Amino acid sequence: MGKSRILVVGGTGYMGRRIVKGSLAEGHPTYILRRPEIGMDIEKLQVLLEFKRQGAVLVEGSFPDHQSLVEALKQVDVVVCTMSGVHFRTHNLLMQLKLVDAIKEAGNIKRFLPSEFGMDPAQMMHALEPGRVTFDEKMTVRKAIEAANIPRTYISANCFGGYFVGNLSQMGTLLPPKDKVLIYGDGNAKAVFMGEDDIATYTIKSVDDPRTLNKTVYIRPPGNILSQRELVQIWENLSGNTLEKTSISGQDFLALMKDADFAGQVGLGHFYHIFYDGCLTSFEIGEDGEEASRLYLEVQYKRMDEYLKLYL
Ligand code: NDP
Ligand code: GO6
């Protein structure tokens with residue numbers, strides 16, 4: 001059996017471009033949706049042209065144009081969507097419903113991976129407003145996929161290193177603090193931190209795997225299950241610099257919401273669930289799930305000491 005043809009939707013985005021890279025690296029015939037809405041976005045176009053140079057096929061298609069999506073889908077076997085999450089009150093994730101309709105009509109798609117790549121939305125039924133919109137929309141998309149009986153895999157990738165590790169999980173910055181670090185509560189809730197390239201590698205491995213059919217793949221490798229305090233300790237060891245730690249109570253943390261803009265409120269809610277509730281590790285992976293590092297033992301996933309070295 002040959003490698004499936006993969007269409008990446010959202011291929012110029014943060015996770016999408018890594019998925020494209022991973023797909024090409026694994027030798028999958030790789031297709032990227034090229035949207036006419038690209039307009040004058042020269043950076044996006046250059047990313048696409050570089051992927052084309054590396055062997056990807058660019059296929060034109062637009063969300064408002066149903067038939068164009070159907071035609072694009074007919075050329076491939078698998079669809080990985082990395083549509084943007086909720087950032088500025090634009091409900092991008094629900095645009096995937098159009099993709100679901102097109103997949104239904106095309107009828108040839110062997111596996112669909114919708115845009116998830118974070119916390120498992122099925123575990124977030126009690127999430128706080130307004131951040132819960134991310135999970136609600138992802139669940140709406142799941143319902144549509146399941147109602148249409150589309151073969152699928154959901155990837156729960158936990159915390160992207162770029163947003164949660166380089167900054168020692170400090171909000172509003174992407175770089176490590178120099179003197180002081182804010183610790184969430186006792187700092188001992190266990191989270192899961194991942195290098196983005198490894199998320200892409202595990203994602204691509206799962207697309208042709210019968211073991212992941214209609215399942216959620218949790219990327220939760222044992223070496224990357226860490227508390228915020230452990231993450232800070234790794235950085236202190238690497239940098240040789242001890243940071244002053246101040247703890248913020250859950251109540252005080254949530255009170256920050258009233259002065260935050262929409263995106264900030266979404267972020268605060270997500271951070272609260274991760275670092276105070278410990279929502280990434282508070283459940284066992286059940287019958288409907290698989291853990292990625294147990295499926296793909298050959299992947300040498302990046303540990304967070306290695307990841308943080310980039311920030312020295
Ligand atoms: P990006 O914000 O980088 O956007 C990805 C792509 O979405 C864009 O490149 C674009 O595709 C497409 N897109 C945006 N707006 C539209 C639109 N109006 N119509 C059609 N396409 C659109 O996304 P991320 O990579 O940050 O997020 C991908 C997923 O990962 C989301 O589900 C998000 O929730 C999750 N995530 C998880 C994180 C974690 O720590 N676990 C961190 C950040 C995100 P094109 O390339 O075609 O222009
Ligand atoms: C990442 C962020 C970082 C927000 C997920 C505000 C969906 C998920 C781990 O877009 O809101 O500073 O699971 O000030 O399922 C954003 C979101 C993180 C990035 C969380 C995310 C994680 C989305 C910030 C900030 C570094």
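Okay, quick definition before anything else: when I say polar contact, I mean a pair of N or O atoms within 3.5 Å. And keep in mind that this is a predicted model.

Let's start with ligand 2. One of its oxygen atoms sits 2.8 Å from a polar backbone atom of Met119, so by that definition we have a polar contact. Gly172 also brings a polar backbone atom, 2.9 Å from an oxygen of ligand 2. With His270 it's the side chain: an N or O atom there is 2.8 Å from a ligand 2 oxygen. On its own, ligand 2 would expose 600 Å², and the protein buries 82% of that.

Who's around it? There are 14 residues, and Gly118, Met119, Asn167, Gly172 and His270 come nearest. Helix α10, residues 262–277, gives the largest share of that shell, with 4 residues. By type, the shell has 5 nonpolar residues, 9 polar and no charged.

Now, ligand 1. Here we have 27 residues around the ligand, with Thr12, Lys44, Ser84, Ser115 and Asn158 nearest. Lys44 puts a polar side-chain atom 2.9 Å from a ligand 1 oxygen, and Ser115 does so at 2.8 Å. Glu116 comes in through the backbone, with a polar atom 3.2 Å from an oxygen of ligand 1. The protein covers 83% of the 920 Å² that ligand 1 has accessible when alone. This shell splits into 11 nonpolar, 12 polar and 4 charged residues.

Last bit, the domains. Domain 1 (1–151) and domain 2 (158–193 + 221–283 + 298–312) each give at least three residues to the shell around ligand 2. Around ligand 1, each of those two domains also supplies at least three.

Note on methods. Residues numbered from 1 in each chain as written. Chains lettered and ligands numbered in written order. Predicted model: local features only at pLDDT ≥ 70, side-chain atom pairs only at ≥ 80, totals over all residues. Heavy atoms only, no water. Near = heavy atom within 4 Å. Polar contact = N/O pair within 3.5 Å; in protein donor to acceptor, adjacent residues only side chain to side chain. Areas by Shrake-Rupley, 256 points an atom, 1.4 Å probe, with all protein chains shown as cover. Helix = DSSP H or I, 4+ residues; strand = E, 2+ residues; numbered from the N terminus. Nonpolar A, V, L, I, M, F, W, Y, C, P; charged D, E, K, R; others polar. Domains from an automatic or database assignment.
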